[in-house]
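Reader: I should like to learn how burial, helix geometry and cysteine pairing are read from a model. Please give the general idea before each case.

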Amino acid sequence: MVLSESGFVFVTYTLLTWFIVSNLTLVFFCFKDWVLGFLKRT
Amino acid sequence: MLNSFIGYAMMIIFGLIMVAVATYMKRKGKNNLDDFLSARESMSLPVTMSSLVVVWVWSSSLMGAAEGAFKFGVAGFYMYGVSVLLSSILIAWPIFKRVRKIAPSISTLPEFMKIRLGTRTHLIFAIVGILQSFFWAVLQITAIGLVMNVLFGIPHAAAVIIGALIVTIYVAIGGLRASIGTDVVQFCMLLILLAIVIPVTLWVAGGPAEIYQGLAHSSVKTATMLYTKESVTGWLLVSILSFINYAIIDQSVWQRVYASKRGTESKLILGTTLLWLPIPAVAGLIGMIGLAKGFQVNPSEIFPAVVGELLGTWGAYAMAIIMIATILSTTDSCLNALSTLIVREIYLPYIRKNKPMDPNKEIKVARIVVIVCGLGIALFSLAQFSILYLNYAVGALTLAMTWPFVLSVFMKNLNKNAAFWGLIIGTVSALILAVLPGAGLIEPIVPLWIGYLISHIIAAGIPLLGTLFAPDHEFQYQAAFSKVSKGGI
């Protein structure tokens with residue numbers, strides 16, 4: 001089964017968006033967790 | 001080649017940051033062995049999730065995924081990730097939900113097997129677990145030696161010793177807390193850099209439409225096909241059958257599941273899978289760029305070759321940081337898992353005979369074990385074993401453990417002897433049919449994927465048949481595991 005050019009473009013942008021949004025969201029939550037933890041201790 | 005002085009400086013600065021994080025994490029802990037080795041139920045979901053993502057992302061997730069896409073084309077979008085997806089959804093999710101419920105006080109896989117199937121099976125699980133963690137750490141430290149040598153010209157031995165020293169120091173300072181805390185920092189570095197490097201490489205290469213045209217006219221005539229017979233038998237099936245136990249056998253995963261708050265296991269496993277899946281897929285995109293642009297390099301080096309060629313010096317430096325973070329995060333998890341297994345499964349039950357110890361002395365023993373293991377890992381890594389061989393050997397060593405463990409979690413009347421012999425014969429079969437031919441030491445008797453399949457069938461079939469013909473008495477999970485105190489049997 002051949003992946004068409006438009007399918008390739010769609011899959012590429014979908015994967016990049018999924019990768020960047022999901023992982024940077026977790027980076028944000030980790031920072032939030034650590035900053036809140038640090039503030040609670042001080 | 002980049003400036004070797006900058007390479008040394010990068011490693012040392014990286015090490016200092018990790019030691020600072022480890023010291024901070026240690027201050028948050030309690031002064032006892034269980035906290036040093038398990039950090040039980042004390043870590044938030046984002047922290048354990050990012051730690052688990054970075055444990056699952058190792059050099060192979062980036063380089064191996066890119067290599068596969070370079071060989072097979074668009075199949076590289078999904079073929080690497082399917083094995084971990086199946087391992088997580090079909091096995092790890094139901095297993096950890098159940099194990100955490102019936103055995104909240106344990107923290108290692110061999111500990112579970114000791115109570116469920118007895119000392120004989122426990123010893124095999126403990127020894128294989130120790131070998132797995134040790135050789136995975138050796139594999140990672142060997143890889144850091146290769147990467148720093150290729151990128152900066154740093155002698156292999158120097159990079160190995162510095163890498164092992166950094167990891168040993170910060171794990172000895174803070175145990176599992178240090179490992180998880182540094183994982184979070186490494187996760188942030190890794191993901192932020194990848195989120196820049198991969199889209200920019202794609203943009204410099206001309207964008208997806210141009211890459212597709214390059215693939216359609218590349219040397220691999222089937223590069224735009226989602227699957228071919230070669231890609232299914234040579235990559236997909238081997239990957240699924242060798243990594244189906246990926247999410248349940250590794251002690252690093254157990255430690256993070258038990259360090260997370262009770263009741264968050266499902267979110268942890270499913271969330272990590274969701275976050276991890278696009279990483280090898282976008283790494284595969286780099287391999288496709290290499291294929292579309294006609295790169296002529298060793299396939300295993302396609303990821304750094306494409307990034308270095310298209311992004312120039314800054315891309316090579318970004319690549320170096322990505323590889324250091326990827327490799328050392330997995331190494332610290334392996335070192336921590338290794339020391340935990342040695343202390344909990346060998347030292348306390350067989351050498352100390354479970355006699356009570358002063359908490360400070362217990363932690364001192366654990367730190368000594370971390371330091372000795374770190375030295376052992378550095379020494380073995382100096383020998384420069386083949387990374388490919390170690391990868392195959394470790395994978396097949398643990399293959400046969402999968403089904404005796406999975407069946408022991410769900411089957412109350414599992415025949416213990418049959419489970420033991422399924423484990424032994426399945427391991428021998430994996431050695432002959434998968435490890436030795438996979439490493440190129442003997443001619444394959446059957447295709448590699450069939451070798452893995454036969455070993456799985458043996459490891460699952462013997463316990464199932466044994467139970468069918470001679471079932472044991474029903475095992476009382478709640479009663480057996482309720483006798484375990486936190487931190488040991």
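Author: A residue counts as buried when its relative accessible area is under 20%. The model here is a predicted one. In it, helix H4(B) is mostly covered, with 11 of its 14 residues buried.

Reader: Which residues of H4(B) are buried?

Author: Among them are Ser59(B), Ser60(B), Leu62(B), Met63(B), Phe70(B) and Phe72(B).

Reader: What span should the 14 residues of helix H4 of chain B have?

Author: At 1.5 Å a residue, helix H4 (residues 59–72) of chain B should span 20 Å. Its end C-alpha atoms are 19 Å apart, which agrees. After the helix comes Gly73(B), with a positive phi near 85 degrees.

Reader: How many disulfides does a search of the whole structure find?

Author: A disulfide is a covalent bond between the sulfur atoms of two cysteines. The search over all chains finds zero.

Reader: Why is there no bond from the sulfur of Cys30(A) to the closest cysteine sulfur?

Author: The closest cysteine sulfur belongs to Cys188(B) and lies 5.5 Å away, too far for a bond; the cut-off is 2.5 Å. Cys30(A) is buried, with a relative accessible area of 1%. Cys188(B) is also buried, at 8%.

Reader: What helices and strands does chain A have?

Author: Chain A has one helix and zero strands. Its C-alpha atoms fill a box of roughly 60 × 15 × 5 Å along the principal axes. Of its 42 residues, 29% count as buried. The accessible surface of chain A is about 2,700 Å², and carbon and sulfur atoms account for 78% of that surface.

Conventions
Residues numbered from 1 in each chain as written. Chains lettered and ligands numbered in written order. Predicted model: local features only at pLDDT ≥ 70, side-chain atom pairs only at ≥ 80, totals over all residues. Heavy atoms only, no water. Helix = DSSP H or I, 4+ residues; strand = E, 2+ residues; numbered from the N terminus. Expected span 1.5 Å × (residues − 1). Buried < 20%, exposed > 50% of the residue type's maximum accessible area, 1.4 Å probe, protein only. Areas by Shrake-Rupley, 256 points an atom, 1.4 Å probe, with all protein chains shown as cover.
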